[in-house]
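Work through the following exercises with the sequence and the model open. Each task is followed by a solution in steps.

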Amino acid sequence: MIPFVRQMAFEYGRVDQVSPRIRRVIARNPGPFTFHGTGTYIVGSGEVAVVDPGPMLTEHLEALKAAVAGETVTTIVITHDHADHAPLAAALASHTGASIFGGEPHPDRQAPPNGVEEGVDRAYRPDRVLADGERVEGPDWTLRALRTPGHTSNHVCFSLEEEHALFTGDHVMGWSTTVITPPDGDMTQYYASLGKVMAGDFRTLWPTHGPPVTDPEPFLNAYLNHRLRREEAILGVLARGPSTIESLVSEVYVGLDARLKNAAASSVLAHLLHLVRKGEVVGDGRPGLERVFVLKD
Ligand SMILES: [Zn+2]
């Protein structure tokens, strides 16, 4: 079992000091992928960085402006280009003069066949794309980019070096597992990126949604094991014969919230593509959910 953390005291728009160098403001965009909403982090004091300004909500922009009144926002970092993370960056940058840093703009791929995606901010254009390990700094903070493709191809986590903390975006969330939606989402990359976070030995993980993970090691082990068990379950079903994604979802995800059915189908597809790559499974040529997968002998 993943030791999920879901308890958090908050009010929309309020600024909470959550660590010596980190403040958080939560946007009013609750939902099945966002938990209570997007948690925007403000890092440092005086000359600050903002992590994931969030969705295009005037109320949230006003709350952020009020939170940093009398300070200078020099830096905006974006974990990835989903619509609950990136769209407010441009408005906040034009108000503050800050520079935007993150991964590449969205690759111009087709939308996934089953229409699952948290919504992509196709207007996202960073001033500079950060390489893995690259740093941006303020007077009392250092953010280091940790490139973590998987949830999206352009996902980046940012470590706050002074606190041995990591802003994990949607790569690792305390309240939930993350959705991997092919073709932009990629399970093979996701496993590698999870390994990177594990190797970083961080003291605290700060996801964009929900409360922090304060004991990362057992949490990350359980998070990885959950994926590996799901992979085994998929292989177990396929061992009994060929199967579509749809029937794999109903066998592997028992008692699933109906709103998450498409997301589950995406994750199953992501697992299958990973297994195809490993040479354990083959799929026929049919498109989308009709595709039939079978164990390779
Ligand atoms: Zn996302």
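A polar contact is a pair of N or O atoms within 3.5 Å; within protein, one must be able to donate a hydrogen and the other to accept it, and residues adjacent in sequence count only if both atoms are side-chain atoms. The model is predicted, so local features need pLDDT of at least 70 and side-chain atom pairs pLDDT 80 or more, while totals for chains, interfaces and linings use all residues. Residues are numbered from 1 along each chain as its sequence is written, and side-chain values use heavy atoms, without hydrogens and water.

**Exercise 1.** Place Thr 208 and describe its surroundings.

Step 1. Helices (H or I, at least four residues) and strands (E, at least two) are DSSP runs, numbered from the N terminus. Thr 208 sits in the loop between strand 12 (204-207) and helix 4 (216-239).

Step 2. Buried means under 20% relative accessible area, exposed over 50%, partly exposed in between (1.4 Å probe, protein chains only). Thr 208 counts as buried because its relative accessibility is 2%.

Step 3. Contact means heavy atoms within 4.5 Å. Leaving out residues up to four places away in sequence, Thr 208 touches residues including Gly 37, Thr 79, His 85 and Asp 170. The side chains of Thr 208 and Asp 52 are joined by a polar contact of 2.9 Å.

**Exercise 2.** Describe the open sheet and the pairing of strand 4.

Step 1. Two strands pair if DSSP finds at least two bridges between them. The open sheet has seven strands in the order 1-2-3-4-5-6-7, with mixed pairing. Its edge strands, strand 1 (15-19) and strand 7 (128-129), each pair on one side only.

Step 2. Strand 3 and strand 4 run antiparallel and share three bridges; Ile 42 has Val 50 in strand 4 as its bridge partner. These two strands form a hairpin with three residues between them, and Gly 44 in the turn has a positive phi of about 90 degrees.

Step 3. Strand 4 and strand 5 run parallel, joined by five bridges. Here Ala 49 stands opposite Thr 75 in strand 5.

Step 4. Four of the five residues of strand 4 are buried.

**Exercise 3.** At what angle do the axes of helix 3 and helix 6 cross?

Step 1. Axes are lines fitted to C-alpha atoms, for helices over the stretch in contact, and angles run from 0 to 180 degrees between N-to-C directions. The axes of helix 3 (residues 187-200) and helix 6 (residues 261-277) come within 8 Å and cross at roughly 90 degrees.

Step 2. Helix 3 is therefore roughly perpendicular to helix 6 (angles under 35 degrees count as roughly parallel, over 145 as roughly antiparallel, 65 to 115 as roughly perpendicular and the rest as oblique).

Step 3. Met 187, Thr 188 and Tyr 191 in helix 3 meet residues of helix 6, among them His 271 and Arg 277.
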